[in-house]
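Reader: I am a first-year student, and I should be grateful for a close look at a single part of this structure. Please treat one pair of helices in detail and then place the pair in its wider setting.

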Amino acid sequence: MKPAAISAPLRSRSEVALRSIVVCFLIVFFAVFYLLPVIAVFIGSFFQWNPLKNQMIYLGLDNWVKLLHSELFWRAVGNTFLFAAVATFFRIVLGLALSNALFSKLIKHKSVYRVLYYIPTITPLVAVTFVWKFIFAPRIGLLNQMLGTNINWLFDGKYAMAAILILTIWKDFGYAVIMLLGGLYSRPEECYESAEVDGASAWQRFRYLTLPLLKPTILFVVITSLISYFQTYIPVLVLTQGGPGTQTYLASYLIYEEAFSKYNFGYASALSFVLFLMIAVLTGVSFKISGKGDSL
Amino acid sequence: MKVKNHGLFILTLAIMSGLTACGAAPADTPEQSAQSGQTEPDGETQSQPADVNESAEAALPIMGDVIQYDPNQPVNDGNDIDIEFWYWTGAANLFQSLADQYQAVHPNVHITLVENPYDDYWTKLPLALQGTDGPAIFNVHNSQHDNLIGYLAPYDIPAEDLEAEFVGASGHEIDGKIYYTDYGLMTATMYYNVDMWEAAGLTEADIPKTWDEFREVAKKLTIRDENGHLVQAGFSYNGGIQGDVLGMQYQYGQNLFTEDNKVTLNNDAMKSVIQRLQDMYHIDGVCDYNFGNNSGDNFGQGTVAMYLGWGFMTNVLEQNFPETHFACFEIPTPTADVPYAYHRYNGESTFGVNKNAPADQQTVAQDIIRFFLANDEIQKEFCLANAVFPAKTSLQNDNDLLAIPSISVLADHIDRYIWPGTIPSTVEDNVKIMLEDVFYNGKDITAALSDAEQTINEDLANLDFTSQEPMYKYASEALQ
């Protein structure tokens, strides 16, 4: 059954006109800022393309062949999947844990915690990444001081990706907390009262009531997180520049390097289109798995 | 109006005295001005400011030797004109000074300085140059040669004149024309902390000439605590030495590029360079890879005794670490013999003129270029500000410039520094990856060099790059 608001009849010609204008505006906006760039990128992937010197030489499938045979590309794709999966997992787990803790009646000064958790999310990414660069510094960095270690977090291949993940999770978990907290506040309390009457334990209430009720919100956070993490490059740019060697290359950083360091926009376009397809497929799969795509 | 004229008069006199102080100005006196075809003041008294101002302007001496600038010639027929001059951040005072000095001579020219962040500059500028309303004149970095050359108008100064006065100008010649050249040459020198040097009992006589001597000195400058933990590194290259590695192979006579403009990294010279760097850490123990991630900053902070840095490091140290007492010596070489080249240099470029700008703006831009190139005082100002060795031959013995340690150590052998050309970014990017793979990921040197060489040459195949190594004065001495 469709919501009543959608099936409400139009009231006047002016309302029809206004709606048409708004819809047209959105279509034009979408076409100019989303659809055309995607088409341009796809076309550009068949060229040796450098808009900075007005160069566009047809290459056929060369960029695509190069991409498929590039060891760096596949490493970047692997790193991107790993990065997105781990960051999303911790974002959700931390978000669930802290939102449930904040929802508890035992916690006081909830607003303070909400603000504290959300502050990293609204701080400028570049600025905090530079701060974390100092935190990760060997010998004098805060993290090593706290742990009593001398790990070169950003230049040791074993830890460099972990360092980027730590920053990302710290920066982003607050968003999940707020989103999931919103989901918790909108849950039907009568279900919980019934469950308590039936003798359900706290874990059972969480497992069989809270999680299913939060599923649409979790799915939303998962999808937006994956889309966001597939496009991550700023922490890499500031912290490691893809290093040591190529250990922390992510797909978006590779695209950035090809486009804005080597001015190889054609190859960068091929990479971008692959990334676009990966995100599209992943989003589709997420909807499929949830089976409730339209609830979002 | 009268007040304005008085101000202009004082400003003009100030510029005159500045220009007169410049040793290269050939027409210092009215007599000399007359010899060079300048109009003498017409005898009007200096008690009439407005008229005297015109007289004083007419008496401005011609600047320069081979490339000359006559400040008495009107620009744009004396009509008002506005032009934009773009540059990247970090040198606002320098460009303001240039604009002020030029506008003082030509008050009808109104220069609007437009500053952009460095990274944004290289996307905004080429796009702006595609239209007709881009900047008439702009700062150039030769690493962006490929993107910019299509928008540049050639200088209206004959190439032979530029080559007569500016070292390395011939390397910028394209079909007999020069679109920009270098006003300063920057390269790497070894910075050392004088206090640490003295504390280790070292003297001037210990300044190393060879890498073997250098390693011994570095060991003496290294301090560890009772647990063996590094307290003071004798020498550090943490955080990136790719720019220097790309110059060190020349010391063995090995060029960086082949005759067909492909890069050559997987060779004995480069292997020796990297092996030596690695041995300094692993065998000599003068530093380790966890001892900070920015050896330049660590040098300034006083935890590193020696650091291989480019000329700009002089200003970085003076501005950010004023308490660090440092000096410089020339980069060591494999043997005591004079090498094929001590290192590579890169030029600080002169400005570009936008060929798509309106003709009148281009004319003014060309005039500013000539003003800049002929004027030794401004040349010196730019070289001092960037701590670069002057490309202009008339300044190469200038005492003020030679007082800068990173410049003075180059003076004896500046002709033994090679310019490979405008090296595309893929070279340095992939050498950085290669070095990190070797130093941090334990990759075999030969395999790392081979991979880097292959990747770079794949990228170079799509670029219009020509090595300038054959133009080097001693090119015939290179390994074949």
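**A helix crossing in chain B**

Author: In this predicted model, helix α11(B) passes helix α19(B) in a right-handed crossing. The first partner, α11 of chain B, spans residues 268-282, and the second, α19 of chain B, spans residues 445-460. Their axes come within 10 Å and cross at roughly 125 degrees. An angle from 65 to 115 degrees would count as roughly perpendicular and one over 145 as roughly antiparallel, with the rest above 35 being oblique; α11(B) and α19(B) are therefore oblique to each other.

The residues that meet at this crossing can be named. From α11(B) come Met270(B), Lys271(B), Ile274(B) and Gln275(B), while α19(B) supplies Ile445(B), Thr446(B) and Leu449(B). Sorted by class, the residues of this contact comprise four nonpolar, two polar and one charged.

Chain B also touches chain A: 22 residues of chain A are in contact with 21 residues of chain B. On the chain A side of that contact there are eight nonpolar, 10 polar and four charged residues.

As for chain A itself, it contains 13 helices and two strands. Its C-alpha atoms fill a box of roughly 70 × 70 × 30 Å along the principal axes. Of the 296 residues in chain A, 31% are buried. Among contacts in chain A between residues at least 6 apart in sequence, 67% link residues at least 24 apart.

Notes:
Residues numbered from 1 in each chain as written. Chains lettered and ligands numbered in written order. Predicted model: local features only at pLDDT ≥ 70, side-chain atom pairs only at ≥ 80, totals over all residues. Helix = DSSP H or I, 4+ residues; strand = E, 2+ residues; numbered from the N terminus. Buried ≥ 20, exposed ≤ 12 C-beta atoms within 10 Å, placed from the backbone. Contact = placed C-beta atoms within 7 Å. Nonpolar A, V, L, I, M, F, W, Y, C, P; charged D, E, K, R; others polar. Axes fitted to C-alpha atoms, helices over the stretch in contact; angles between N-to-C directions. Left-handed = near helix turned anticlockwise from the far one by under 90°.
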